[in-house]
There are 2 protein chains.
Amino acid sequence: MLNNISIIGAGNLASSLVPAIVQAGFQIEFIASKSSQSAIDLARKYNISVAKNLNEIKSKIIIIATNDSSIETVSDKLQNNQAQIVLHTAGSISIDVLIKKHSNAGILYPLQTFTKNKLVDLTNIPICIEASNEKTLKVIKEVAQLLSNTVTELSSEQRLALHCAAVFTNNFTNLMYTTGNDILKSHNIDFNLLHPLIIETAQKVISNAPEQNQTGPAIRDDSKTITAHKQLIGGQQLEMYELLTKWIKNRFRDMDKA
Amino acid sequence: MLNNISIIGAGNLASSLVPAIVQAGFQIEFIASKSSQSAIDLARKYNISVAKNLNEIKSKIIIIATNDSSIETVSDKLQNNQAQIVLHTAGSISIDVLIKKHSNAGILYPLQTFTKNKLVDLTNIPICIEASNEKTLKVIKEVAQLLSNTVTELSSEQRLALHCAAVFTNNFTNLMYTTGNDILKSHNIDFNLLHPLIIETAQKVISNAPEQNQTGPAIRDDSKTITAHKQLIGGQQLEMYELLTKWIKNRFRDMDKA
């Protein structure tokens, strides 16, 4: 087992990744970050050294957990070392940005939404992996399986598709929550009233495919209710309501007739 | 305590409402439904009589739990009786459709998504109430508080706003899940991978207001990732992606600058 890992980045993802790696029994040699204060804070918490310079880092596994836009720059700055494995953790960045410099390259992508102040337990988070060669894949798989119960091999294109699907199910879904809250606020209603519905909607999709769960005025083609809602809202909310209603009708047209 | 309730309707909502009312200690006198077989099935399960005719029903409380579009017709057909309270359970229908015939009218609206085969425990489901007069309100409140821990008084307009917000947080959210699944299917990826993200996205909104949780390429204005996603999808998915991205940018423009 490789016992020698360094992490570059000290943001949202790194804040959850570092404790998970430590808990899995690995020794983290260095943490490095553009923002040296974040690196110092994170390193101190787990008794890890801070690398002043990327050239210092000679660990067997280097995990680039920076912002997506910095991955290529960081990878290019790392020394080219045949004994090293260089990984990144991003959903939408191809493995190619690492391979051009490092022959042993790979991906360790935990599919979850990370915020700095709320540690995420990786055990039940899917980790998607990819590698530039079989030997590297074996090592990454070993590491990933110590972090998570769900390890899946995906190509860079599949990972991008998964990332795009995650934008729908997280980012766009959260816009739906936000818009719901905006409508309630303007009628002086507490958002708490929607909590059980939001949880039930999410939980239903764990047991049934989402296309089985579609309900509401759009799929019923209930023009009376649709009209009543539309008279209540305006501006972007109305534009959203109209298009989302149209999209539901289009998507479920065949099902609806069945 | 009034111990004499009848239910008109035997669909998704009634299937969860009837056992909740029985469990709360009420006697249900009659169940009636356009589809007599559904009424017979539901009535048999809880040892209740089936009303052949709406005119038979003389219970002190009559709950119309039919499709939204049938509420007014059913209400009109019920005998006008000063001692009776007539309620409906719909989010988007005004109390006025009942008041025109019944002086003691009201609403008992449980905010949840109901399906016939999955009973919903109403205890933790918000029930929104409204009444045509104070005396009726008192009775409805008593009943509602025996069914649920969260009873809220809302006007018909507020209830419509809540229903509209529920369309965003349930119907439109489920379209996001469905689209995510469609993207995964076309790349041969298991939807299970998204389950933890979907649950975390929902749970996050219980502790933080949704506008605090917005992440992703749209709010970051990460045009590289947006372009990569857009190259992966087409048709309605692409139209959705572009507009939802625009809407996030618009909605969070000021926050983003902050």
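In the predicted model, buried residues account for 56% of the 258 residues of chain A. Chain A contains eleven helices and eight strands. The C-alpha trace of chain A spans about 65 × 40 × 30 Å along its principal axes. Of the contacts in chain A between residues at least 6 apart in sequence, 55% join residues at least 24 apart.

In chain B, eight strands form an open sheet with mixed pairing, in the order 3-2-1-4-5-6-7-8. Strand 3 (49–50) and strand 8 (151–153) of chain B are the edge strands, each pairing on one side only. Elsewhere in the sheet, strand 1 (residues 5–8) of chain B is paired with strand 2 (residues 28–32) of chain B in the parallel sense, over four bridges. Within chain B, B:I7 is located opposite B:I31, a residue of strand 2.

Helix 5 (residues 134–147) of chain B lies across five strands of the sheet: strand 4 (61–64), strand 5 (85–88), strand 6 (105–110), strand 7 (127–131) and strand 8 of chain B. With respect to strand 7 of chain B, helix 5 of chain B runs at about 165 degrees.

Between the two chains, helix 6 (residues 156–185) of chain A meets helix 6 (residues 156–185) of chain B, with axes that come within 9 Å and cross at roughly 175 degrees. Because angles over 145 degrees count as roughly antiparallel, helix 6 of chain A is roughly antiparallel to helix 6 of chain B. The contact of helix 6 of chain A with helix 6 of chain B comprises 20 nonpolar and eight polar residues, with no charged residues.

A further link between the chains involves B:Q158, which is placed in helix 6 of chain B. The relative accessible area of B:Q158 is 18%; since buried means under 20%, B:Q158 is classed as buried. The side chain of B:Q158 reaches the backbone oxygen of A:H187 at 3.1 Å. When neighbours within four places in sequence are left aside, B:Q158 is in contact with A:H187, A:N188 and A:I189 of chain A, and with B:E153 of chain B.

How values were computed:
Residues are numbered from 1 along each chain as its sequence is written. Chains are lettered from A and ligands numbered from 1 in the order in which they are written. This is a predicted model: local features need pLDDT of at least 70, side-chain atom pairs count only at pLDDT 80 or more; totals for chains, interfaces and linings use all residues. Side-chain values use heavy atoms; hydrogens and water are left out. Two strands pair if DSSP finds at least two bridges between them. Contact means heavy atoms within 4.5 Å. Axes are lines fitted to C-alpha atoms, for helices over the stretch in contact, and angles run from 0 to 180 degrees between N-to-C directions. Angles under 35 degrees count as roughly parallel, over 145 as roughly antiparallel, 65 to 115 as roughly perpendicular and the rest as oblique. Ala, Val, Leu, Ile, Met, Phe, Trp, Tyr, Cys and Pro count as nonpolar, Asp, Glu, Lys and Arg as charged, and the others, Gly among them, as polar. Buried means under 20% relative accessible area, exposed over 50%, partly exposed in between (1.4 Å probe, protein chains only). A polar contact is a pair of N or O atoms within 3.5 Å; within protein, one must be able to donate a hydrogen and the other to accept it, and residues adjacent in sequence count only if both atoms are side-chain atoms.
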